[in-house]
Amino acid sequence: MKKPKTQYVCQNCGYSSSKWLGQCPSCQEWNTFVEEKTASKKGLNSQGSDIKFYQLEDIEKLKFQRIPTNIEEFDRVIGGGFVPSEVVLIAGEPGIGKSTMLLEISNELGKANKKVVYISAEESLKQQKIRAERLKITSNNIYFISETCIESILSSLKKVKPDVLIFDSIQTLYSDGLQSSPGTVSQVREITYQITNYSRLKGAISLIVGHVTKEGVSAGPKTMEHMVDAVIYFEGDKYHQFRIIRPVKNRFGSTQEIGLFEMTELGLKEILNPSAYLLSERPYDRPGSVISVISEGSRAILVEIQALVSDSKFGIPKRLTIGYDPQRVNMLISVLEKIGGFFLGNEDIFINVIGGIKVKETAIDIAIIAAILSSFKNKVINPKAVLMGEVGLTGEIRSISNAKLRLKQAEKLGFETFFLPASNAKELKTKNIKSIKNINDLIEGI
Ligand code: TYD
Ligand code: MG
C-alpha cells in the first residue's frame, strides 16, 4: 500500500516540517508539532462541486426520533435519548466505569431491537464475556470485535450494518494512514474524523470512550471535543460507589442535567433519590455534621458536610478538604477568624463532603462555616436544619440561585429550619426561614 504523505505542523503558528521537531523554529514554542496528512495536489487545485444554498424555511424541520436507552439517569443527561447519527464522547478516568456503563447501554439498546457493535480495542473478548456475565447481559443484538485498526473496523461494518457503535477506547485505536502511535493527538483526531464521517453517512450512533488522566485534561478527549455532538464526563472517586455523569457539551440537549449512579457488585445502579442516598448514614447527634443543598440542573440534592477541628500537635496546623475547593475553605476560615473573631490558628481542620461528591458551587459556604464552628465548639447543630448561602470576604451572606427549588427538596425530606441569605429569604414564604445577612447572624443563629 502506498503510504499517504504526512507532515508535521506547529499548532501554534502553522509552520510545517517534514520531520517532527521539539521546538518550533518559527515561533519558538515547545512541543507544538502534530502530524497531519498533506493535502494532495489535486485537492488543492480542484474547483470543488456546486453547492446548493438553503433558506430557513427550505430546511426540513428536524423531526428526529430520539432513541432512549431506558436508563433514566442516562437519558435525562443526553436530552431524552440519542439522535440518529449522533457522536458522543464518554470521558473519564480509567477504572471509573465507562465500559461497564456502555455494556449496560448496549444491552438496553439491544433489547430494544437495535443492532450494537461493541469495538473492544482495549480488552479481549474473553474479558468482555466475563463483564457481560457479571452484569447479566442477555441481549443477542450485541456484536463484539476486538480490533484496533479503524480502517479495518469501518470496512467490516458492512456485514452487520449496526445502529449503534461503541469504540472502547479512542486511545487504543489507530489509523493506518498515520505513523504516529495510538493515543497521540493526530491519531485521535483522524480516528474521530473517520468515525464522525461514518456516523453522518450511515445514520449510526457512535459512542466513543476517552480516558482522562487524574490531572483532568489529556490530549485525547480535549482535542476531540469540538468534533463530536456531545461530551459526557464520568466523575466520581474510584474508591467510592457514587458516580456522576455530567454533559459538558450537548448539541441536542441541555448541559445542566446530571445523572447519578452507584457502582455495585452487579454493575451501575441508578440513584433515583440522591438526597436520601447521600444522607443515609448520617449521624444525628454529632458535632461537625451539617446539611446543605446543591442545585444541579432541574434537581436539588441534599449533601452532608462534615468538619473535624482538633488541636494541632505540630507547629503548622493541617488543613485538608475533600469534595470542595480547598482554597475556598481557607478563605472561609480566614473570614471566620477575622470577622467572626475565632482563633483557629492552632487547629487542624478537615472538611469532607460525604459520598465522594465534588461540589463546585458556592452555596454550601455557610454550611462549611457552620460545620467548622460546630466541631470547634463541640456543639451539635439542629439535625433538622439545612444551611445555604455564599460567604463574601467582608462576612456578608450572598444570595444563591434556585433557592425555592432547594428549599422544596429540603422540606420534602423532612427538614424544618432553613438558614438562607436575607436576599433570598424575603422572596420566600416558607415558615421557619432564618434570614441571615452576615456571618455574625449565622454564628448567633446556630
Ligand atoms: P470499568 O467499566 O472497566 O472502567 P473503565 O472502562 O472506565 O476503565 O470498571 C472499572 C471498575 O468497576 C473495576 O475496577 C471493577 C468495578 N466493577 C464493579 O464494581 N462492578 C461491576 O459490576 C463491574 C463490571 C465492574
Ligand atoms: Mg474500560
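**Contacts of R246, the α3/α4 pair, S375 and N440**

Leaving aside residues up to four places away in sequence, R246 touches V231, I232, Y233, E235, I258, E296 and K360. The model discussed here is a predicted one, and R246 is a convenient place to begin a tour of it. This arginine lies in strand β10, which covers residues 242-250. Its relative accessible area is 16%, and because buried means under 20%, R246 counts as buried. Two of the residues that R246 touches, E235 and E296, also appear in its side-chain polar contacts. The R246 side chain makes one such contact with the side chain of E235, at 3.0 Å. A polar contact also links the side chain of R246 to that of E296, here at 3.2 Å.

From the strand, attention can turn to a pair of helices. Two packed helices are described by the angle between their axes and by the distance between those axes. For helix α3 (residues 98-111) and helix α4 (residues 125-134), the packing angle is about 70° and the axes are 11 Å apart. Because angles of 65 to 115 degrees count as roughly perpendicular, α3 is described as roughly perpendicular to α4. The crossing of these two helices is right-handed. On the α3 side, the residues that meet α4 are S99, T100 and L103, and their counterparts in α4 are Q128, R131 and A132. Sorted by class, this contact comprises two nonpolar, three polar and one charged residues.

Two further helical residues complete the picture, beginning with S375. Helix α10, spanning residues 365-377, is home to S375. With a relative accessibility of 11%, this serine is buried, since the limit for that label is under 20%. Not counting residues up to four places away in sequence, S375 touches P287 and G288, along with A307, L308 and V309.

The other residue, N440, is found in helix α13, which runs over residues 439-445. What is the accessibility class of N440? At 34% relative accessible area, N440 is partly exposed, because that class lies between the buried limit of 20% and the exposed limit of 50%. Its contacts, with residues up to four places away in sequence again left out, are with I339 and G340. A C-alpha separation adds to this description: N440 and G341 are 99 residues apart along the chain, and their C-alpha atoms are separated by 9.5 Å.

Technical notes. Residues numbered from 1 in each chain as written. Chains lettered and ligands numbered in written order. Predicted model: local features only at pLDDT ≥ 70, side-chain atom pairs only at ≥ 80, totals over all residues. Heavy atoms only, no water. Helix = DSSP H or I, 4+ residues; strand = E, 2+ residues; numbered from the N terminus. Buried < 20%, exposed > 50% of the residue type's maximum accessible area, 1.4 Å probe, protein only. Polar contact = N/O pair within 3.5 Å; in protein donor to acceptor, adjacent residues only side chain to side chain. Contact = heavy atoms within 4.5 Å. Axes fitted to C-alpha atoms, helices over the stretch in contact; angles between N-to-C directions. Parallel < 35°, antiparallel > 145°, perpendicular 65-115°, else oblique. Left-handed = near helix turned anticlockwise from the far one by under 90°. Nonpolar A, V, L, I, M, F, W, Y, C, P; charged D, E, K, R; others polar.
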